[in-house]
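Colleague: Could you take me slowly through one part of this structure, choosing a single residue and following its contacts outward? I am new to this, so please explain each step as you go.

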Amino acid sequence: MDPRQELVDYLNRQLVGPVHGEDEILDSPPDRQYLMGTLYPQDADLQRQLTLAAEDTDGLGTEGTAADTEPADDPVAESNAWLPSSLGLSFYTDTDTVEIDCGGAHYRTLRAQGDEGRRWQRVPMPPETHHVGPDRDVVSVLDGRAELRLRRRPLGAGQLVTIALVNSARIEPALGRAAQWDRMLFQAELGVRPREGRVLRYPSVRLASRDPEEQELRLQYRHVRTYAVGHGCAVEEQCDGEAVTGLRAVVLPTAEVPATRPAGLVDTPVLNVLHLADPEPPAAQCGRS
């Protein structure tokens with residue numbers, strides 16, 4: 001395998017998961033293990049999650065009350081830091097019916113045994129595919145744990161469609177910590193394909209602008225075309241030749257950046273560190289006057 005792809009796969013396992021396989025068991029809370037691709041219950045905020053994740057016992061899967069494990073004070077209240085409960089994408093199409101794929105997993109809290117503390121077992125949810133026509137805007141998915149929500153807006157000869165995968169659970173502190181972990185969704189997946197239609201180039205106000213700078217940028221990047229906009233994620237295009245046939249939400253986007261080389265003289269001794277450290281050459285040869 002390409003070493004670069006190996007690195008990307010490693011980062012994806014560590015940040016999105018699962019790192020230990022489909023039926024893994026974690027020793028730490030899953031929302032601490034995986035930092036991307038997580039959909040929290042409705043109205044979840046950072047301070048509440050820190051409180052629910054706090055532990056008073058010892059053992060695997062717990063955190064002590066040491067000062068270095070407590071959240072640092074912040075001049076801005078952390079209760080205003082809302083955690084994402086959805087991800088989605090918007091695109092432009094000429095069809096009324098779309099095919100939507102979704103998937104994910106949740107983690108079941110295992111009861112403590114002896115001094116082992118709590119652990120969390122991954123429960124995968126089978127991927128689902130739904131054909132959604134113009135008469136539906138909400139579809140219950142993933143065993144009722146989430147919803148697909150659609151919004152259509154007519155524009156010209158087509159329509160702008162926004163599709164979101166939403167965690168439909170709500171925070172209920174009275175149920176205890178284990179219930180809150182069980183209500184989170186991990187490794188969230190969302191994909192869409194138009195049925196009997198096309199994914200068209202996404203409309204932009206820049207295309208109608210006569211500003212000289214905008215026109216210059218359109219010319220310079222005329223080979224770059226936008227077909228979708230992500231909400232809480234990036235969007236990966238699935239192509240058949242030059243036609244875009246589908247779109248997929250990506251929570252860990254990657255891009256290969258071409259190598260760059262300095263312009264100008266590259267063989268001059270003044271660019272050699274050893275030459276600059278040599279006391280023998282005169283100062284003029286080292287770039288000094």
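Modeller: Let us begin with glutamate 99, whose side chain makes a polar contact with the side chain of histidine 131 at 2.7 Å, and please keep in mind throughout that this is a predicted model. The side chain of glutamate 99 also makes a polar contact with the side chain of arginine 195, at 3.2 Å. As for its place in the chain, glutamate 99 lies in strand β3, which runs over residues 97–110. Leaving aside residues up to four places away in sequence, glutamate 99 touches Thr129, His130 and His131, and also Gly191, Val192, Arg193 and Arg195. Glutamate 99 counts as buried because its relative accessible area is 12%, which is under the 20% cut-off for that word.

The partner arginine 195 deserves a closer look, and a general idea helps here. Side chains of opposite charge can pair when their charged atoms come close. Arginine 195 and glutamate 99 form a salt bridge in which the closest N and O atoms are 3.2 Å apart. This pair links distant parts of the chain, since arginine 195 sits in strand β8 and glutamate 99 in strand β3, 96 residues apart. Unlike the buried glutamate 99, arginine 195 is partly exposed, with a relative accessible area of 40%.

A second salt bridge joins arginine 193 to aspartate 101, with the closest N and O atoms 2.6 Å apart. Here too the pair links distant parts of the chain, with arginine 193 in strand β8 and aspartate 101 in strand β3, 92 residues apart. Arginine 193 counts as partly exposed because its relative accessibility is 25%, and aspartate 101 counts as partly exposed at 23%. Taken together, Glu99, Asp101, Arg193 and Arg195 are linked in a network of salt bridges.

To set this network in a wider frame, the structure holds ten salt bridges. One of them is the meeting of the side chains of arginine 198 and aspartate 94, at 3.1 Å from N to O. This pair also links distant parts of the chain, 104 residues apart, but its members lie in loops: arginine 198 between β8 (186–195) and β9 (199–200), and aspartate 94 between β2 (86–93) and β3. Arginine 198 counts as exposed because its relative accessibility is 52%, a value over the 50% cut-off, whereas aspartate 94 is partly exposed, with a relative accessible area of 34%.

Technical notes: Residues numbered from 1 in each chain as written. Predicted model: local features only at pLDDT ≥ 70, side-chain atom pairs only at ≥ 80, totals over all residues. Heavy atoms only, no water. Helix = DSSP H or I, 4+ residues; strand = E, 2+ residues; numbered from the N terminus. Buried < 20%, exposed > 50% of the residue type's maximum accessible area, 1.4 Å probe, protein only. Polar contact = N/O pair within 3.5 Å; in protein donor to acceptor, adjacent residues only side chain to side chain. Contact = heavy atoms within 4.5 Å. Salt bridge = Lys/Arg side-chain N within 4 Å of Asp/Glu carboxyl O.
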